[in-house]
Amino acid sequence: MKDIKLAPSLLSADFANLERDIRKCEQGGAEILHIDVMDGHFVPNITIGVPVVSAIRKVSDLLLDAHLMISEPDRYINDFAEAGADMISVHYEVCNHLHRTLSSIKSHGKQAGIVLNPLTPIELIYDAVEYCDFVLLMSVNPGFGGQSFINSFHNKCYKLKSFLVDNNLEHIDIQVDGGIKIDNVREVVASGANVIVSGSGIFNGDVVENLKLMRKKATSLL
């Protein structure tokens, strides 16, 4: 089983004290900072953009994961790459030319990811998986933090994990985002995910302690 990586979702952080919360993520042992970028068009919410990613880059050496929940991601890949994002993921649902988009991300030396909404069939991306570094499976409908986990994730994750194993693509990470808490992370890992995105599950309460407990639960199968 691959190493588990924890990626706190900054959507649930205190934006008035963002650097403070980032420091807590570092202290708790997080490997990645997950940054939700929403445009109010592809998803019914508007969040942060390039200037905030650039500001975060100045205060942390953790990997920055820009999850582009936007309708025209190709227009902004260069901007997020230059702002310091290490990982850039785009939704299958909005990419007309997915290979071109993934290639554009990689041309900037960044890790490229494909994102699928909860009810988008996993089989639709099988031909594209070899061109990415990670697949992000949404376990809630994108747009807002604090939603409840959608259980159909498990079957989709099993299928993806089996596909990766059968096609010698096990180097590709499986990321999960949405409704992940300390009490359900073990089941998520058992389904095949190894990069755990969590917002309220980490930022509600003691961030450092929550991260430590989540890692303990997530790695209990290793």
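**Overall build and selected residues of the predicted chain**

The chain carries 20 positive and 28 negative side chains, and the centres of these two sets lie 4 Å apart. The structure described here is a predicted model, and the values below were computed from its atoms. In secondary structure, the chain comes to eight helices and eight strands.

A helpful place to begin is the overall dimensions. For 222 residues, a compact globule would have a radius of gyration near 17 Å, and the 16 Å found for the chain agrees with this. Taken along the principal axes, the C-alpha atoms fill a box of roughly 40 × 40 × 30 Å. Of the 222 residues, 52% count as buried. The accessible surface comes to about 9,700 Å², with 48% of that area belonging to carbon and sulfur atoms. Among contacts in the chain with a separation of 6 or more, 65% are accounted for by residues 24 or more positions apart.

Strand 7 offers a good view of the interior. Gln175 has its place in this strand, which spans residues 173–177. With a relative accessible area of 0%, Gln175 falls under the 20% limit and is therefore buried. The side chain of Gln175 is not without a polar partner: it makes a polar contact with the side chain of Asp65, at 3.3 Å. Leaving out residues up to four places away in sequence, Gln175 touches His34, Asp65, Met87, Phe134, Val135, Leu136, Leu137, Val195 and Val197.

Val176 also lies in strand 7. Its relative accessibility is 0%, so Val176 counts as buried. Beyond the residues up to four places away in sequence, Val176 touches Leu136, Leu137, Ser139, Phe153, Val188, Ala193, Val195, Ile196 and Val197. Leu136, Leu137, Val195 and Val197 thus appear among the contacts of Gln175 and also among those of Val176. Gly192 is 16 residues from Val176 along the chain, and the C-alpha atoms of the two are separated by 9.7 Å.

The loop between helix 5 (153–166) and strand 7 contains Asn168. Although Asn168 is not a glycine, it has a positive phi of about 55°. The relative accessible area of Asn168 is 67%, which is over the 50% limit, so this residue is exposed.

Another buried position is found in strand 4 (residues 87–91), where Ile88 is located. Ile88 counts as buried because its relative accessibility is 0%. Setting aside neighbours within four places in sequence, Ile88 is in contact with Ala66, Leu68, Ile77, Phe80, Ala81, Ile105, Lys110, Gln111, Ala112, Gly113 and Phe134. Phe134, included in that list, is also one of the residues touched by Gln175. Ile88 and Ser60 are 28 residues apart in sequence, and their C-alpha atoms lie 17 Å apart in space.

Attention now turns to helix 1 and the loop that follows. Arg20 lies in helix 1, which covers residues 18–27. At 39% relative accessibility, Arg20 falls between the 20% and 50% limits and so counts as partly exposed. Between Arg20 and Val115 there are 29 Å in space, C-alpha to C-alpha, with the two residues 95 apart in sequence.

Glu31 has its place in the loop between helix 1 and strand 2 (32–38). The relative accessible area of Glu31 is 28%, so Glu31 is partly exposed. Here the side chain reaches toward the backbone: that of Glu31 comes to the backbone nitrogen of Leu6 at 2.8 Å. Lys5 is 26 residues from Glu31 along the chain, yet the C-alpha atoms of the two are separated by 5.9 Å. Both Lys5 and Leu6 are among the residues that Glu31 touches, along with Ile4, Leu62, Leu63 and Arg215, when residues up to four places away in sequence are not counted.

Methods: Residues are numbered from 1 along each chain as its sequence is written. This is a predicted model: local features need pLDDT of at least 70, side-chain atom pairs count only at pLDDT 80 or more; totals for chains, interfaces and linings use all residues. Side-chain values use heavy atoms; hydrogens and water are left out. Helices (H or I, at least four residues) and strands (E, at least two) are DSSP runs, numbered from the N terminus. The radius of gyration is taken over C-alpha atoms; the globule rule is 2.2 Å times the number of residues to the power 0.38. Buried means under 20% relative accessible area, exposed over 50%, partly exposed in between (1.4 Å probe, protein chains only). Contact means heavy atoms within 4.5 Å. Accessible areas come from the Shrake-Rupley method with a 1.4 Å probe; for residues, only the protein chains shown count as cover. Lys and Arg count as positive and Asp and Glu as negative; His and the chain ends are not counted. The place of a charge is taken as NZ of Lys, CZ of Arg, CG of Asp or CD of Glu. A polar contact is a pair of N or O atoms within 3.5 Å; within protein, one must be able to donate a hydrogen and the other to accept it, and residues adjacent in sequence count only if both atoms are side-chain atoms.
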